[in-house]
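User: I've got this model open and I'd like a close look at one part of it. Could you walk me through that part and then show me how it sits in the rest?

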Amino acid sequence: MKRNKLVALLCALSLLLSGCSSTAGTSSRHTVTLVAKSTQTEFWLSVFAGAEAAATEYNLELNIVGPATEEDYETQNRMVANAVADGAEALVFSAIHYDNNAQAIDDAAQNGVKIVAIDSNVASQSVSTYIGTDNYAAGQMAAQAALDRVEGRLQVGIINYDVSSANGQERERGAVETFEHSGRAQVVSVINTLAEAHIAQTDTAALLDRHPEINVLLAFNEPTSVGAAQAIETLELSDQVFLVGFDSNVNTVDGLQNGSVDALIVQNPYAMGYLGVESAYKLLTGQGNDLPKTVDTSTQIVDRNNLFTMDSQKALFAFEQRDNLS
């Protein structure tokens, strides 16, 4: 009798454990894929650090991918399609090409994937929220940094990256309009170069050779800023050309100290990554109705006068990111 009761108890316990196991198997983590413009620069490493912090906090499976160069929108489109095929439930996406990335994002959305844009937006109505810099205002800030620090007439050269990138074009528009309204600045030339430091250096040197009257340069992302600073240093023009760059890089921070860089417009890439993944989580768990259409992650100006303040140090130095990306 006692043996029969023991057997019955063991059977019941077995059924209970089997049911628990079955339930646990159906409650898997949500899957999010971050498709970046690049996986190489300090800017993007900081984005990834923020994204991984949010994924850990919200118990998400996070995949991070990106092309080798910031001009390769076709690879981005394939990465989006692959992410959908592999079961991604949400995409955190930064568009290389405002228009030519749009169809891939629309196709993903039609497959039920939630879309969050960070850093650089895309021409798609499927984007639930955009998280990043107010790029027009950042361009204004870059121009004003030069206007406030350079006396007399400004002869300006602008080093921009891909002409189809929404954030670069907005920065350019904000800067050009601010210079025009100042009454004491002329934009001599605008060039678009590849977002690779050695190419930006060559193109900046050529620009300064064609227009020796330029006394102010603006460069609108991390690689172009590094290249512009290297050109100024190599040509020994630190005393003649005032450079305003974007983002934080060990080379441009060194440039602030040696004179090849005069001011940096520093964004908040960690917040872009963190808030991008957090927003994806909210969309996947039915909390998306409260998401704002746009979130400004703010920028600040760092120059030699405030370089060593606590706020500047926090903004300048990117968080570490694991080496092995998906």
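User: Take strand β4: is it largely enclosed by the rest of the structure or left open, and how many of its residues are buried?

Analyst: Keep in mind that this is a predicted model. Strand β4 is largely enclosed by the rest of the structure, because four of its five residues are buried. To see what is around it, start with the sheet and work outwards.

β4 covers residues 114–118 and belongs to an open sheet of six strands, ordered β2-β1-β3-β4-β5-β11 with parallel pairing. Read along that order and you'll find β4 between β3 and β5. The edges of the sheet are β2 (61–65) and β11 (294–296), each of which pairs on one side only. From one strand to the next, the twist averages 15°. As a reminder of what holds such an arrangement together, strands of a sheet pair through backbone hydrogen bonds, either parallel or antiparallel.

On the β3 side, the pairing with β4 is parallel and runs over four bridges. If you want a spot to zoom in on, look at Phe93, which stands opposite Ala117 of β4. Further along the sheet, β5 (residues 127–132) and β11 also run parallel, joined by three bridges. There, Tyr130 faces Thr294 of β11.

Now for the packing. The largest nonpolar core has 25 residues, and Val32, Leu34, Leu62, Val92 and Val277 have the most contacts inside it. β4 is one of the elements that supply at least two residues each; the others are β1 (31–35), α2, β2, β3 (90–93) and α10 (269–284). The largest share, seven residues, comes from α2. There's also a second, separate core of 24 residues, with Ala142, Val156, Phe179 and Leu218 among its members. The background here is simple: in soluble globular proteins, nonpolar side chains tend to be buried together.

Val277 is a handy residue for tracing the first core. Leaving out residues up to four places away in sequence, Val277 touches Ala51, Ala54, Ala55, Leu60, Leu62 and Val92. Two of the names in that list, Leu62 and Val92, also appear among the residues with the most contacts in the core.

Since α2 gives that core its largest share, the helix deserves a look of its own. Helix α2 spans residues 42–57, and ring pairs link Phe43, Trp44 and Phe48 into a cluster. Across the whole structure there are four aromatic pairs. For Phe43 and Trp44, the ring centres are 5.3 Å apart with the planes at 80°, so this pair is edge-to-face. Trp44 and Phe48 make a tilted pair, because their planes sit at 35°, with the centres 6.2 Å apart. Those two residues are four apart in α2, which means about one helical turn separates them. That spacing makes sense, because an α-helix has 3.6 residues a turn, so residues three or four places apart point the same way.

Each member of the cluster is buried: Phe43 has a relative accessible area of 8%, Trp44 comes in at 1%, and Phe48 is at 0%. Just ahead of the helix, in the loop between β1 and α2, you'll find Thr41. Thr41 counts as buried too, at 13% relative accessibility. Setting aside neighbours within four places in sequence, Thr41 is in contact with Glu70, Glu222 and Pro223.

Another helix to check against the sheet is α3 (residues 73–85), with 13 residues and a reach of 19 Å from first C-alpha to last, close to the expected 18 Å. Its buried residues are Thr75, Gln76, Asn77, Met79, Val80 and Ala83. Their cover includes β1, β2, β3 and α4 (102–110), so three strands of the sheet order take part in it. Just after α3, Gly87 takes a positive phi of about 100°.

Zooming all the way out, the protein has eleven helices and twelve strands. Buried residues make up 49% of its 326 residues. Of the contacts with a separation of 6 or more, 74% are between residues 24 or more positions apart. And back where we began, β4 has four of its five residues buried, pairs with β3 over four bridges and supplies at least two residues to the largest core.

Technical notes
Residues are numbered from 1 along each chain as its sequence is written. This is a predicted model: local features need pLDDT of at least 70, side-chain atom pairs count only at pLDDT 80 or more; totals for chains, interfaces and linings use all residues. Side-chain values use heavy atoms; hydrogens and water are left out. Rings of Phe, Tyr and Trp (its six-membered ring) pair if their centres lie within 6.5 Å; planes under 30 degrees apart count as stacked, over 60 as edge-to-face and the rest as tilted. Buried means under 20% relative accessible area, exposed over 50%, partly exposed in between (1.4 Å probe, protein chains only). Two strands pair if DSSP finds at least two bridges between them. Axes are lines fitted to C-alpha atoms, for helices over the stretch in contact, and angles run from 0 to 180 degrees between N-to-C directions. A nonpolar core is a set of buried Ala, Val, Leu, Ile, Met, Phe, Trp, Tyr and Cys residues joined through side-chain atoms within 4.5 Å. Contact means heavy atoms within 4.5 Å. The expected span of a helix is 1.5 Å times one less than its number of residues.
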